[in-house]
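Student: Could you take me through one part of this model in detail, the place where its two strands meet? I would like to see what sits around it and how it fits into the rest of the chain.

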Amino acid sequence: MSQFSLAFYEKLFQATGSAIMIMRQKDAVQWEPVWFSGPFCAMLETTAEELLSLEGFGMLDLIHPDDRPDLIQLISTGSA
């Protein structure tokens with residue numbers, strides 16, 4: 001994402017009409033959300049402002065606890 005602005009991605013993803021969350025990497029293992037599409041917010045029955053205001057909210061909060069270890073391994077190693 002460093003080559004393009006957040007506004008570029010917002011415009012691109014808004015055009016798809018899909019449920020999308022844009023994340024920014026904080027460090028080697030942590031990511032933070034920076035943008036949510038309208039369909040994504042509708043799916044969770046909330047607003048982007050509410051989601052962005054949640055302290056410590058991240059992608060794993062949307063994943064069922066039983067599935068989190070597999071996702072963490074996939075993100076860390078590139079394979080499940």
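**The strand pair and its surroundings**

Tutor: Let's start with a bridge: Met 21 has Phe 36, in E2, as its partner. Before we go on, please keep in mind that this is a predicted model, in which local features need pLDDT of at least 70 and side-chain atom pairs count only at pLDDT 80 or more, while totals for chains, interfaces and linings use all residues. Residues are numbered from 1 along each chain as its sequence is written, and side-chain values use heavy atoms, with hydrogens and water left out.

The chain has 4 helices and 2 strands; these are DSSP runs numbered from the N terminus, with at least four residues (H or I) for a helix and at least two (E) for a strand. In sequence order they give the pattern α-β-β-α-α-α. Strand E2 covers residues 31-36, and E1 pairs with E2 in the antiparallel sense over 5 bridges (DSSP must find at least two bridges between strands for them to pair). A hairpin of 5 residues leads from E1 to E2.

Now look at Met 23, which belongs to E1, residues 21-25. Pro 33 of E2 stands opposite Met 23. Met 23 counts as buried because its relative accessibility is 14%; the cut-offs, with a 1.4 Å probe and protein chains only, are under 20% for buried, over 50% for exposed, and partly exposed in between. Beyond residues up to four places away in sequence, Met 23 touches Trp 31, Glu 32, Pro 33, Val 34, Gly 58 and Met 59, where a contact means heavy atoms within 4.5 Å. Met 59 is 36 residues away from Met 23 along the chain, yet their C-alpha atoms are separated by 8.1 Å.

Gln 25 is also in strand E1. Its relative accessible area is 43%, so Gln 25 is partly exposed. Gln 30 and Trp 31 are the contacts of Gln 25 once neighbours within four places in sequence are set aside.

What do the strands contribute to the interior? Met 21, Met 23 and Phe 36 are among the 8 residues of the largest nonpolar core, together with Phe 40, Cys 41, Ala 48, Leu 51 and Phe 57. At least two of these core residues come from each of E1, helix H2 (38-44) and helix H3 (48-53). A second core lies apart from that one and has 5 residues, including Tyr 9, Ile 20, Val 34 and Trp 35. By nonpolar core I mean a set of buried Ala, Val, Leu, Ile, Met, Phe, Trp, Tyr and Cys residues joined through side-chain atoms within 4.5 Å. In soluble globular proteins, nonpolar side chains tend to be buried together.

Next, the approach to E1 from the N-terminal side. Glu 10 lies in helix H1 and counts as partly exposed because its relative accessibility is 24%. Apart from neighbours within four places in sequence, Glu 10 contacts Ile 22 and Trp 35. The C-alpha atoms of Glu 10 and Met 21 are 9.8 Å apart, with their positions 11 residues apart along the chain. Ala 19 sits in the loop that runs from helix H1 (6-16) to E1, and its 41% relative accessibility is why Ala 19 counts as partly exposed. Neighbours within four places aside, Ala 19 is in contact with Ser 37, Pro 39, Phe 40 and Met 43. Met 43 is 24 residues from Ala 19 in sequence, and 7.5 Å from Ala 19 in space, C-alpha to C-alpha.

Further along, Glu 45 is in the loop between H2 and H3. With 74% relative accessibility, Glu 45 counts as exposed, and its phi is near 55°, a positive value in a residue other than glycine.

Finally, let's step back to the whole chain. Of its 80 residues, 22% count as buried. Its C-alpha atoms fill a box of roughly 30 × 30 × 25 Å along the principal axes. Among contacts between residues at least 6 apart in sequence, 16% join residues at least 24 apart.
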